[in-house]
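Good morning, and thank you for making time on the agenda. I should like to take you through one model, sheet by sheet and helix by helix.

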Amino acid sequence: MANVFLVGAGPGDPGMLTLRAKEIIETCDIMIYDYLANADFLKWCKPECEILYVGKKGGDHTLPQDKINDLIVEKARSGKVICRLKGGDPYVFGRGGEEGEELVEAGIDFEVVPGITAGVAAAAYAGIPVTHRDHTTSVCFITGHEDPTKSQSGNNWAVYGQSTSTLVFYMGVGNLPMIAKNLMDNGRAVDTPVALVRWGTRCNQTSFVSTLENVAEEAKKRDWKAPSIIIVGGVCSLHDKLAWFEKKPMLGQGVVVTRAREQASGLVDVLRGHGACVHEFPTISVEPLADYMAVETAILQLARYQWTIFTSVNGVKFFWKQLKEIGLDSRIFCGMQVAAIGPATADALRSRGIEPDFVPEKYVAEHVVKGLLELDIQGADVLIPRAKVAREVLPEALKKAGCNVTVLPVYETKLVQASGDDMEASLTNGEIQYVTFTSSSTVENFFALVSPDVFKKYPEVKIASIGPITSDTVRKFGFTPSLEPEDYTIPGLVAELVKDTE
């Protein structure tokens, strides 16, 4: 059974990674990855995985190819599972064939996990179908950067110049004037449409269309850089008509997500769906308690309460985990009323067979208490499963209303980032336009890692707060949120961000 996997990481969009590739990333012992492989994928590696960056950036190789080959063979002989992660497809200008040959010569079994190549994906994201019945029935993938040690070119310019195929050049930006000249000298019409797509499928994708005669000069004016693909042919004329990705409202906008990694995926996916460049900077982690004796006792005595109020999805998740541990289920809530503070919490309850008796219109303590008082909660015994450390506003308000309140910690949150250096670097590089906060704890922990004095250097960066309580915490650090939705929910926050960028 193979222990080395040559894995195609696809063109960059996380959604373009294959399920098989993700499986290998999650289980490998050693990760060897390239410049063009999206580094976001590394978060799926096991904590103990050895991660090795080998570069392969155009003109700046951290390791030359022969040394990469040696490294793969050396690590493979350890018997550990190796993931060799390469941008696009390993066998389409990825030099995966060379690495495979080295493994065969060393007597090491390997498998190939194909990936979606940029020549197809980046073109599609730029509104360019590489084949189209009205334009061409064939496509040719060509390297724009041949092996400089070869005695003669492998490119048959006479064929390319006379062909009606779509031509897709990889790694050719530095040689664009030569490519254009060779095609025109060999018969390709000077007005043939040519498209350049940079960082195809990623949130920072850019593209433009010119003609074979003018494209080199246009690229020079735009200071166009790698990584890019060059597409030559009539299909490029469809760029403006079929373009869809670059119309996304938040394309290229850098947004920091400070939620716990366990909770962030929904927000991250929605923001990416709108084209945003998401910077995951989880400032808190959600952790189980060291001892659940008090929770088990409360569950066994649940009949003494008239109301249970869940204030978060995590409260539901950890409460139910202990419910199952002691062999019980949702039927234990029979005859009791249940409240959910927010639609996501309500959905978490519904997925477990509980339809909440109360979900407030607004998700702040004052509105919650007002709504509960209208349901005659006065004098009731109330259980609130929640985080170990949280705001006391709701319990105190209910106590003032005459309720007998028991606060039941079922999980805790902790500071997780070791340093804010990477975030400060992203701010300095102008990569961040928004920082989102979804709770007071994310605010407090963010500014524990990124000094308020440092953040003040970037007044152009907007703070997006999920609601008034979180906004009050932001103000304590000397900042005013630029965005706060009327609907204090994740969808409401995203809607405000989209509106602000339109």
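**Strand pairing and packing**

Let me begin with one pair of residues: Ile284 stands opposite Leu415 in strand E17. Please keep in mind throughout that this is a predicted model.

That pair belongs to the pairing of E13 with E17, which is antiparallel and extends over four bridges. Another position in this pairing is Val286, whose bridge partner in E17 is Thr413. As general background, the strands of a sheet pair through backbone hydrogen bonds, in either a parallel or an antiparallel sense.

E17, which covers residues 404-415, also pairs with E16, and here the two strands run parallel, joined by seven bridges. Two positions may serve as landmarks. Leu383 has Thr406 as its bridge partner in E17, and Arg386 has Pro409 as its bridge partner in that strand.

E16 then connects onward to strand E14, residues 307-310; two bridges join E14 to E16, and these strands also run parallel. Leu383 appears once more at this point, since in E16 it is the residue that stands opposite Thr308.

How, then, are the strands ordered in the whole sheet? The sheet is open, with five strands in the order E13-E17-E16-E14-E15, and its pairing is mixed. Its edge strands are E13 and E15, each of which pairs on one side only. From one strand to the next, the twist averages 25°.

A helix lies against this sheet. Helix H14, residues 393-400, packs on the sheet and touches E14, E16 and E17; its direction makes about 170° with that of E16. As for E16 itself, is the strand mostly covered or mostly open? It is mostly covered, with seven of its seven residues buried.

**The nonpolar core**

I turn now to the side chains. The largest nonpolar core has 29 residues, and those with the most contacts inside it are Phe310, Phe319, Trp320, Phe333 and Leu349. Strands E13, E15, E16 and E17 each give two or more residues to this core, as do helices H10, H11 and H12. Which element gives the most? That is H11, with five residues.

Phe333 is worth viewing individually. Leaving aside its neighbours within four places in sequence, Phe333 is in contact with Leu302, Thr308, Phe310, Phe319, Trp320, Val338 and Ile354. Among these, Thr308 is the residue already met opposite Leu383, while Phe310, Phe319 and Trp320 are listed with Phe333 among the core residues with the most contacts.

Two of the contributing helices also meet each other. The axes of H10, residues 293-300, and H11, residues 313-325, come within 10 Å and cross at roughly 75°. The two helices are therefore roughly perpendicular to each other. At their contact, Val295, Glu296 and Ile299 in H10 meet Phe319, Gln322 and Leu323 in H11. By character, the residues of this contact divide into four nonpolar, one polar and one charged.

**A second sheet**

Elsewhere in the chain there is another open sheet, this one of four strands in the order E12-E11-E18-E19, with parallel pairing. Its edge strands are E12, residues 277-280, and E19, residues 462-465, each pairing on one side only. The twist averages 25° from one strand to the next.

Within this sheet, E11, residues 254-257, is joined to E12 by four bridges, and the two run parallel. Val256 stands opposite His279 in E12.

**Helices H9 and H4**

Two further helices complete the survey. Helix H9 spans residues 261-273 and includes Val270. Is Val270 buried or partly exposed? Val270 is partly exposed, with a relative accessible area of 38%. Val270 and Pro491 are 221 residues apart in sequence, while their C-alpha atoms are 8.7 Å apart in space.

Finally, helix H4 spans residues 118-125, and its buried residues are Gly119, Ala121, Ala122, Ala123 and Tyr125. What covers them? The covering elements include strands E6, E7, E8 and E10. After H4 comes Gly127, with a positive phi near 80°.

To close, I would return you to E16: this strand, with its seven buried residues, is joined by seven bridges to E17 and by two to E14. Thank you; I am glad to take questions.

Conventions:
Residues are numbered from 1 along each chain as its sequence is written. This is a predicted model: local features need pLDDT of at least 70, side-chain atom pairs count only at pLDDT 80 or more; totals for chains, interfaces and linings use all residues. Side-chain values use heavy atoms; hydrogens and water are left out. Two strands pair if DSSP finds at least two bridges between them. Axes are lines fitted to C-alpha atoms, for helices over the stretch in contact, and angles run from 0 to 180 degrees between N-to-C directions. Angles under 35 degrees count as roughly parallel, over 145 as roughly antiparallel, 65 to 115 as roughly perpendicular and the rest as oblique. Contact means heavy atoms within 4.5 Å. Ala, Val, Leu, Ile, Met, Phe, Trp, Tyr, Cys and Pro count as nonpolar, Asp, Glu, Lys and Arg as charged, and the others, Gly among them, as polar. A nonpolar core is a set of buried Ala, Val, Leu, Ile, Met, Phe, Trp, Tyr and Cys residues joined through side-chain atoms within 4.5 Å. Buried means under 20% relative accessible area, exposed over 50%, partly exposed in between (1.4 Å probe, protein chains only).
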